[in-house]
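Trainee: I'd like a close look at a single part of this protein rather than the grand tour. Pick one helix, please, and take me through what it packs against and what surrounds it.

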Amino acid sequence: MNCSSSSYNILTSCLTWRTSSIVPLQLGFRSTKSKSSPRRVHVAFSSSSSSSSSDLLLVKAAKGEPVSRPPAWMMRQAGRYMAVYRKLAEKYPSFRERSETTDLIVEISLQPWEAFHPDGVIIFSDILTPLPAFGVPFDIEEVRGPVIHSPIRSEEGLKALHPIELEKLQFVGDSLRILCREVEGHAAVLGFVGAPWTIATYIVEGRTTRTYTTIKMESGAHCIQIFDSWGGQLPPDMWDCWSKAIY
């Protein structure tokens with residue numbers, strides 16, 4: 001695992017694959033017109049942002065700087081209810097094709113932008129998109145959602161995994177670069193990634209579940225205490241990445 005830089009300028013977290021240098025924050029949007037308590041949210045931004053992008057409203061808010069109003073953007077799911085998206089989905093019925101083809105990713109990502117001009121444009125993707133690149137194939141079914149037909153539930157299953165092959169995710173970097181050019185100076189481009197526990201839940205359970213019985217402990221412990229006895233030996237930035245993240 002590596003928390004340093006990669007060839008992609010992608011917002012992500014310290015999982016098995018190499019990522020851009022990011023800074024996790026817990027902050028609120030501070031309006032210059034309001035003295036009310038800020039809303040606490042978890043945000044991450046790329047430390048390699050250009051000077052022009054740092055002036056964008058959403059980026060300023062993510063950095064904890066005063067802003068005139070909270071930034072607004074559409075979550076990727078919201079865009080799926082737009083008529084223009086539904087029409088495109090009829091032409092390309094496979095969700096994975098839509099979310100893994102650069103031209104389609106860019107077109108779908110820009111649909112809310114072209115309709116409403118929000119402060120942020122989020123890439124059309126899925127949190128499971130990286131899975132095949134390290135050995136976990138999956139499908140997305142219309143009704144059931146994500147399905148992993150061979151979930152990993154044993155040590156033998158873990159051995160089938162391999163280091164992530166970033167070249168298989170080239171469409172992500174390509175799409176982000178195009179989106180940045182398309183909205184340059186007008187909106188922030190957002191990437192996203194699934195947190196380790198959520199990704200692990202899909203890999204182990206094999207599908208969306210309400211009970212999470214397979215991935216939970218089997219013997220009845222009510223609480224799990226995690227010891228990090230020597231965490232004090234780490235410098236603050238490494239402790240934030242390796243230890244604080246699990247609490």
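Mentor: Two residues are in contact here when they have heavy atoms within 4.5 Å of each other. Keep in mind that this is a predicted model. For setting, the protein has nine helices and six strands, and 39% of its 247 residues are buried. If you take contacts between residues at least 6 apart in sequence, 58% of them join residues at least 24 apart.

I'd pick helix H5, which spans residues 102–116. Let's begin with its meeting with helix H7, residues 170–182. From H5 come Thr-102, Ile-105, Val-106, Ser-109 and Leu-110, and they meet Phe-171, Asp-174, Ser-175, Ile-178, Leu-179 and Glu-182 of H7. Sort the residues of that H5–H7 contact by type and you get six nonpolar, three polar and two charged. As for geometry, the axes of H5 and H7 come within 9 Å and cross at roughly 40°. An angle under 35 degrees would count as roughly parallel, so H5 and H7 are classed as oblique to each other. The crossing of H5 past H7 is right-handed.

While we're at H7, have a glance at the loop that leads from helix H6 (155–159) to H7. Leu-169 lies in that loop. Its relative accessible area is 10%, so Leu-169 is buried. Leu-169 and Pro-130 are 39 residues apart in sequence, yet their C-alpha atoms are 7.0 Å apart in space.

H5 has another helix partner, H3, residues 83–91. Here too the axes come within 9 Å, but the crossing angle is roughly 160°. Angles over 145 degrees count as roughly antiparallel, and therefore H3 and H5 get that label. H3 passes H5 in a left-handed crossing. On the H3 side the contact is made by Val-84, Tyr-85 and Leu-88, and on the H5 side by Leu-104, Glu-107, Ile-108 and Gln-111. By type, the residues of this H3–H5 contact come out as five nonpolar, one polar and one charged.

Now zoom in on Ser-109, which sits in H5 and is one of the residues that meet H7. The cut-off for buried is under 20% relative accessible area, so at 4% Ser-109 counts as buried. What does the side chain of Ser-109 reach on the backbone of Ile-105? The backbone oxygen, at 2.6 Å. The Ser-109 side chain also reaches the backbone nitrogen of Phe-124, at 2.8 Å. Leaving out residues up to four places away in sequence, Ser-109 touches Val-121, Ile-122, Ile-123, Phe-124 and Leu-179. Leu-179 takes you back to the H7 side of the helix pair, while Val-121 and Ile-122 fall within strand E3, which covers 120–122.

Follow the chain onward from H5 and you're in the loop between H5 and E3, where His-117 is found. His-117 has a positive phi of about 50°, even though it isn't a glycine. There's another such case away from our helix: Tyr-212, also not a glycine, has a positive phi of about 55°. Tyr-212 lies in the loop between helix H8 (196–205) and helix H9 (236–242). With 31% relative accessibility, Tyr-212 counts as partly exposed.

Back in the loop between H5 and E3, look at Asp-119. Is Asp-119 buried or exposed? Its relative accessibility is 14%, so Asp-119 counts as buried. The side chains of Asp-119 and Arg-69 are joined by a polar contact of 2.7 Å. Setting aside residues up to four places away in sequence, Asp-119 touches Leu-57, Leu-58, Arg-69, Pro-70, Pro-71, Ala-72, Ala-187 and Ala-188.

To pull it together for H5: the helix is oblique to H7 and roughly antiparallel to H3. Ser-109 on H5 is buried, with side-chain links to the backbone of Ile-105 and of Phe-124. In the loop that follows H5, Asp-119 is buried too, and its side chain makes that polar contact with Arg-69.

Terms used: Residues numbered from 1 in each chain as written. Predicted model: local features only at pLDDT ≥ 70, side-chain atom pairs only at ≥ 80, totals over all residues. Heavy atoms only, no water. Helix = DSSP H or I, 4+ residues; strand = E, 2+ residues; numbered from the N terminus. Buried < 20%, exposed > 50% of the residue type's maximum accessible area, 1.4 Å probe, protein only. Polar contact = N/O pair within 3.5 Å; in protein donor to acceptor, adjacent residues only side chain to side chain. Axes fitted to C-alpha atoms, helices over the stretch in contact; angles between N-to-C directions. Parallel < 35°, antiparallel > 145°, perpendicular 65-115°, else oblique. Left-handed = near helix turned anticlockwise from the far one by under 90°. Nonpolar A, V, L, I, M, F, W, Y, C, P; charged D, E, K, R; others polar.
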